[in-house]
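Please follow this chain through its helix pairs, its enclosed helices and a few residues with less common backbone geometry.

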Amino acid sequence: MTAWDAITALAPDRLEALFAADPDRLRRLTLDVAGIHFDWSKTHLTADALAAFEALAKERDLAAKREALFAGAAVNATEGRAAEHSAERGEGAPEAVARAAQLHARMRALIDAIEAEAFGPIRHVLHIGIGGSALGPQLLIDALGREEARYEVAVVSNIDGLALEEAFRRFDPSATLIVVASKTFTTTETLLNAESALAWLSEGGVADPYGRVVALTAAPERAVAWGVDDTRVLPFAESVGGRYSLWSSIGFPAALALGWDAFEAMLDGAGEMDRHFRLAALHENAPALAAFADLFYAQVELAETRAVFAYDERLRLLPPYLQQLEMESNGKGVTIEGAPIGRPTAPITWGGVGTDAQHAVFQLLHQGTHLVPVEFVAVIEPGDTLAEAHHRQLLLNAFAQGAALMQGRANPDDPARAYPGDRPSSTVLLETLDPRTLGALIAFYEARTFVNAVLLGINPFDQFGVELGKEMAKAAGQGGDFDPSTTDLIARAFG
């Protein structure tokens with residue numbers, strides 16, 4: 001029997017029965033790492049399940065592949081390169097760590113120059129990117145910069161002109177810095193938005209619009225050819241993937257808005273999680289245990305989605321950030337060797353913010369026909385200064401929802417008011433939300449994504465699935481041949 005056979009044969013009891021049968025369950029399925037408490041006790045993981053997943057990890061050679069990741073080996077096989085985002089926070093091959101430190105020093109020097117008003121009295125930062133070039137900085141600034149931000153930052157990713165015009169209405173062109181983030185510096189949406197931003201600066205009386213632009217890219221020569229002076233180009237390594245790039249110069253707007261000390265603390269927290277992931281045994285390794293739970297529900301229970309609910313307004317952008325991280329990384333149909341995988345890969349990641357989501361989607365979670373593993377993310381220390389009742393009620397709602405999903409409530413006389421229960425959830429509970437713990441949290445999700453990929457036998461570092469639609473959009477603009485429906489839609493829109 002293979003490890004996968006053992007896993008798919010698992011049939012654990014109901015959650016309440018698992019607790020009743022094992023007084024040590026809570027201790028074995030909770031961990032504290034880097035200021036974060038993890039609780040998987042309300043999942044269907046059992047001693048047998050953990051043993052089966054550890055056997056799969058051995059069969060898939062997870063330990064060696066983890067070391068290859070940190071050593072800078074070409075773990076991105078389809079593109080023939082390393083995945084060195086961990087080197088940006090000091091954990092990786094020495095040469096990659098040294099290169100990252102040099103690029104960080106360059107970024108800090110530019111931040112010092114901006115603070116010294118080398119660009120004039122800058123108050124606003126317009127960050128233009130898309131995908132990983134936008135989601136990471138936006139998450140950091142929204143989570144940590146609500147009161148402490150030293151500059152007002154707008155992150156614009158959508159090609160829809162309404163998004164850009166909203167920033168134009170808020171900002172003063174004479175006090176605005178434009179940041180253009182693109183790994184290749186060829187992204188159509190980003191460059192069109194950047195050109196419109198330059199025109200806005202010019203129309204606003206800025207004599208040298210290009211002199212107000214900072215470029216963040218792995219292709220610095222293209223940024224210079226586009227018009228940005230080399231002194232204002234902040235490169236990052238080609239081996240740093242877009243959705244893993246907030247630790248690199250892509251994090252520039254966050255470092256500028258929050259201050260270098262905050263950015264450095266975020267890197268330190270991520271490095272602490274990296275070391276835990278690298279050194280801890282699997283039965284007490286947070287990313288590995290989380291991946292085991294993910295795989296149990298996707299492979300054994302055939303759950304097609306996974307829901308993440310942030311019970312903290314400051315983490316409202318975490319669910320969309322994780323959508324890209326998990327679905328772009330592991331939403332694949334073939335193995336790393338190119339063979340059909342023959343089993344489910346990444347579930348659909350979705351979610352929202354508690355307590356709003358309770359009054360919108362929790363009906364389905366409690367009584368619907370879909371099995372949806374739920375993850376609650378909360379923070380013990382409040383971010384507000386209002387009466388304690390606000391934060392207390394917020395946390396009690398998070399904890400009670402997990403209990404209700406597990407426990408349910410029978411009602412044989414009124415099936416419409418019956419709750420089946422036995423619905424799984426995990427909890428990620430931060431002591432406080434600061435740069436260090438946020439860095440550790442994001443690094444945890446990155447490592448979890450990697451473990452899922454290794455155990456499934458896929459490559460989490462390419463994203464060819466996004467290319468076809470982009471190619472066809474260009475062809476549509478050049479009058480390409482399409483199916484009758486698409487041809488009709490183009491004719492209706494453009495005549």
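In this predicted model, helices α7 and α14 are roughly antiparallel to each other, because their axes cross at roughly 150 degrees and angles over 145 degrees count as roughly antiparallel. The two axes, of α7 (residues 132-144) and α14 (residues 318-330), come within 10 Å, and the crossing is left-handed. On the α7 side the contact is made by Gly132, Leu135, Gly136 and Leu139, and on the α14 side by Leu318, Pro320, Tyr321 and Gln324. Sorted by class, the residues of this contact comprise five nonpolar, three polar and no charged.

Helices α6 and α12 also form a pair, with α6 spanning residues 94-115 and α12 spanning residues 260-279. Their axes come within 11 Å and cross at roughly 160 degrees, which makes α6 roughly antiparallel to α12. In this case α6 passes α12 in a right-handed crossing. His104, Met107, Arg108 and Ile111 of α6 meet Trp260, Phe263 and Leu267 of α12, and the residues of this contact divide into five nonpolar, one polar and one charged.

Helix α12 has a further partner in α17, and here the axes come within 7 Å and cross at roughly 40 degrees. An angle of roughly 40 degrees is not under the 35 degrees that would count as roughly parallel, and the two helices are therefore described as oblique to each other. The crossing of α12 and α17 is right-handed. From α12 the contact takes in Ala262, Ala265, Met266, Asp268, Gly269, Ala270, Glu272, Met273, Asp274 and Phe277, and these meet Pro435, Arg436, Gly439, Ala440, Ala443, Phe444, Ala447, Phe450 and Val451 of α17. By class, this contact has 13 nonpolar, two polar and four charged residues.

Helix α17 itself runs over residues 435-456, and its 22 residues reach 32 Å from the first C-alpha to the last, close to the 32 Å expected at 1.5 Å a residue. Of those 22 residues 20 are buried, so α17 is largely enclosed by the rest of the structure. Just after this helix, glycine 457 takes a positive phi of about 80 degrees.

How many of the residues of α13 are buried? The count is 15 of the 15, so α13 is largely enclosed by the rest of the structure. This helix covers residues 286-300, and at 1.5 Å a residue it should span 21 Å, which agrees with the 21 Å that separates its end C-alpha atoms. The helix is followed by leucine 302, whose phi is positive, near 55 degrees.

Some of the remaining points concern the backbone, and a general expectation helps in reading them: most residues other than glycine have a negative phi, and most peptide bonds are trans. Alanine 34, although not a glycine, has a positive phi of about 55 degrees. This alanine 34 is found in the loop between β1 (30-33) and β2 (36-39), and at 15% relative accessibility alanine 34 counts as buried. Aspartate 422 likewise is not a glycine and has a positive phi, of about 60 degrees, and aspartate 422 lies in the loop between α16 and β11 (425-430). The peptide bond from glycine 354 to threonine 355 is cis, with omega near 10 degrees, and threonine 355 is found in the loop between β9 (348-353) and α15 (362-367).

Two individual residues within helices complete the route. Is histidine 391, placed in helix α16 (residues 388-407), buried or exposed? At 8% relative accessibility, histidine 391 counts as buried. Leaving aside residues up to four places away in sequence, histidine 391 touches Asp312, Val379, Ile380, Glu381, Pro382 and Asp384. Threonine 188, by contrast, has its place in helix α9 (residues 188-203) and counts as partly exposed at 45% relative accessibility. Although threonine 188 and isoleucine 159 are 29 residues apart along the chain, their C-alpha atoms are separated by 8.9 Å.

Technical notes: Residues are numbered from 1 along each chain as its sequence is written. This is a predicted model: local features need pLDDT of at least 70, side-chain atom pairs count only at pLDDT 80 or more; totals for chains, interfaces and linings use all residues. Side-chain values use heavy atoms; hydrogens and water are left out. Helices (H or I, at least four residues) and strands (E, at least two) are DSSP runs, numbered from the N terminus. The expected span of a helix is 1.5 Å times one less than its number of residues. Buried means under 20% relative accessible area, exposed over 50%, partly exposed in between (1.4 Å probe, protein chains only). Contact means heavy atoms within 4.5 Å. Axes are lines fitted to C-alpha atoms, for helices over the stretch in contact, and angles run from 0 to 180 degrees between N-to-C directions. Angles under 35 degrees count as roughly parallel, over 145 as roughly antiparallel, 65 to 115 as roughly perpendicular and the rest as oblique. A crossing is left-handed if the near helix is turned anticlockwise from the far one by less than a right angle, and right-handed if clockwise. Ala, Val, Leu, Ile, Met, Phe, Trp, Tyr, Cys and Pro count as nonpolar, Asp, Glu, Lys and Arg as charged, and the others, Gly among them, as polar.
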